Structure formats: structure tokens, C-alpha cells
Amino acid sequence: MITVQDYYEPTQPTLLFSLHPEPAQVIEAGTKRIEYRRRFYHQGPFQAFVHVTGTHGGIGLFLQISQPLVAAPNRLLANLTATDATAIRNVSQAVALPIRTVIAIPRLTLADLRQVDPQFTAPRAYRFLDKPAQHPLRQFLLQQPGIKKP
């Protein structure tokens with residue numbers, strides 16, 4: 001069985017961040033290859049687990065992100081959808097996260113995650129899973145079965 005561990009790059013930072021269901025679905029389908037944020041980690045390539053918000057949410061994706069791009073939104077406009085443009089309006093700089101690889105994992109609910117980390121809450125911005133206190137959660141996530149998407 002192939003797990004997320006098979007795609008994991010130990011030299012890159014590992015983050016956990018949240019997305020609404022709609023962008024998560026189009027990322028998983030392979031039709032959205034760049035995620036835009038008002039501000040976000042942009043120090044170099046990274047990998048991230050994605051927590052999908054909502055009542056049926058949970059962690060369901062693992063992404064590998066190439067070097068993020070930081071620029072004024074009008075410089076990124078050529079690639080923006082209407083939803084993306086709304087997300088970064090009224091800011092002087094935005095961050096574009098080029099998605100290199102998408103790995104789908106079976107949805108892990110809040111109850112599943114709290115069995116590993118009783119204090120688990122979905123991040124508002126992002127959380128580093130490389131910190132020692134987060135290692136049990138990261139290790140649990142890396143053991144999940146993963147399917148590479150187009």
C-alpha cells in the first residue's frame with residue numbers, strides 16, 4: 001500500500017492549513033494548480049496537509065508546493081479566478097502557491113484527529129507540523145494511504 005510517506009520530502013517544511021470545500025475539490029480534481037492567499041508562508045518550497053472546513057470537513061489532501069510567488073495582486077491577475085480575486089482584494093501583496101503534486105487521502109475527521117491529538121483544532125492560517133509537539137500528528141498523517149492525482 002502506498003502511503004503519504006512515499007511522497008514526503010523530509011528536507012522541506014511540513015504545514016497544515018485549511019481550505020473551504022470548493023477550492024479543495026478543484027485542487028483535488030486537478031483543475032486548480034495555484035492557490036492564492038493574502039499572506040502565507042513563502043520562504044521556499046514546502047509540503048502541506050489540507051484541512052477542509054465545514055461540517056463534513058477534515059484532512060483529505062497532501063500537497064507539494066513549489067516556490068511561492070509574492071507579488072501585488074494586479075501582477076497575479078492573469079491567473080486569478082473570480083474566487084481568487086475576491087480572496088486577495090484590498091491587499092498590497094498576495095502569495096501564489098504553485099501546486100506541484102496532489103495526493104488524496106481518505107478524509108480524517110475531527111474525531112479521528114483528536115484520537116492522535118486531543119487538543120487538535122483546525123488552523124486559522126497555518127501550522128508547522130515539524131515542531132516536536134506536532135510530530136505524533138505528522139507521523140499519523142504520513143501513514144495514511146495516498147493516491148496521486150493528475
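What follows is a walk through this predicted model, from the overall layout to a few local details.

Let's start with the big picture. The protein chain has 5 helices and 8 strands, and reading from the N terminus the elements run β-α-β-β-β-β-α-α-β-α-β-α-β. Of the 150 residues in the chain, 47% are buried. The chain exposes about 8,100 Å², with carbon and sulfur atoms supplying 54% of that area. If you take the contacts between residues at least 6 apart in sequence, 77% of them join residues at least 24 apart.

A good place to get your bearings is strand 6, which spans residues 94–108. This strand is mostly covered, with 12 of its 15 residues buried. Several strands pair with it. Strand 2 (residues 34–37) pairs with strand 6 in the antiparallel sense over 4 bridges, and here R37 stands opposite V95. Strand 4, residues 58–65, is also antiparallel to strand 6, this time over 6 bridges; look for Q64 opposite T101. Then there's strand 5 (residues 69–71), antiparallel to strand 6 over 3 bridges, where L69 has A96 as its bridge partner. Finally, strand 8, made of residues 147–148, pairs with strand 6 in the antiparallel sense over 2 bridges. In that pairing, A104 of strand 6 is matched with I147.

Now move to helix 1, residues 21–29, whose buried residues are P23, A24 and I27. Why do they end up on the same side of the helix? They cover an arc of only 100° around the axis, so they share one side of helix 1. The face turned away from that buried side carries the exposed residues E22 and Q25. As for what covers the buried residues, the list includes strand 1 (14–19), strand 2, strand 3 (46–52), strand 4 and strand 6. So strand 6 turns up again here, as part of that cover. Just past the end of helix 1, check G30, which takes a positive phi of about 90°.

Next, the aromatic rings. There are 8 aromatic pairs by the rule used here. One of them joins F40 and F46: their centres are 5.9 Å apart and the planes make an angle of 40°, which makes the pair tilted. F46 also meets Y41, and since those ring centres are 5.5 Å apart with the planes at 90°, this pair is edge-to-face. How covered are these residues? F40 counts as buried because its relative accessible area is 6%, under the 20% cut-off. F46 is buried too, at 0% relative accessibility, and Y41 is likewise buried. Step back a little and you'll see one aromatic cluster formed by F17, F40, Y41, F46, Y126 and F128.

Last stop: Q5, in the segment before strand 1. Is Q5 buried, partly exposed or exposed? Its relative accessibility is 33%, so Q5 counts as partly exposed. What does Q5 touch beyond its neighbours within four places in sequence? The contacts are Q139, L142 and Q143. Compare that with Q144: Q5 and Q144 are 139 residues apart along the chain, yet their C-alpha atoms are separated by 8.0 Å.

Technical notes: Residues numbered from 1 in each chain as written. Predicted model: local features only at pLDDT ≥ 70, side-chain atom pairs only at ≥ 80, totals over all residues. Heavy atoms only, no water. Buried < 20%, exposed > 50% of the residue type's maximum accessible area, 1.4 Å probe, protein only. Pairing = 2+ DSSP bridges. Contact = heavy atoms within 4.5 Å. Areas by Shrake-Rupley, 256 points an atom, 1.4 Å probe, with all protein chains shown as cover. Arc of directions from axis to C-beta. Phe/Tyr/Trp six-rings, centres within 6.5 Å; stacked < 30°, edge-to-face > 60°.
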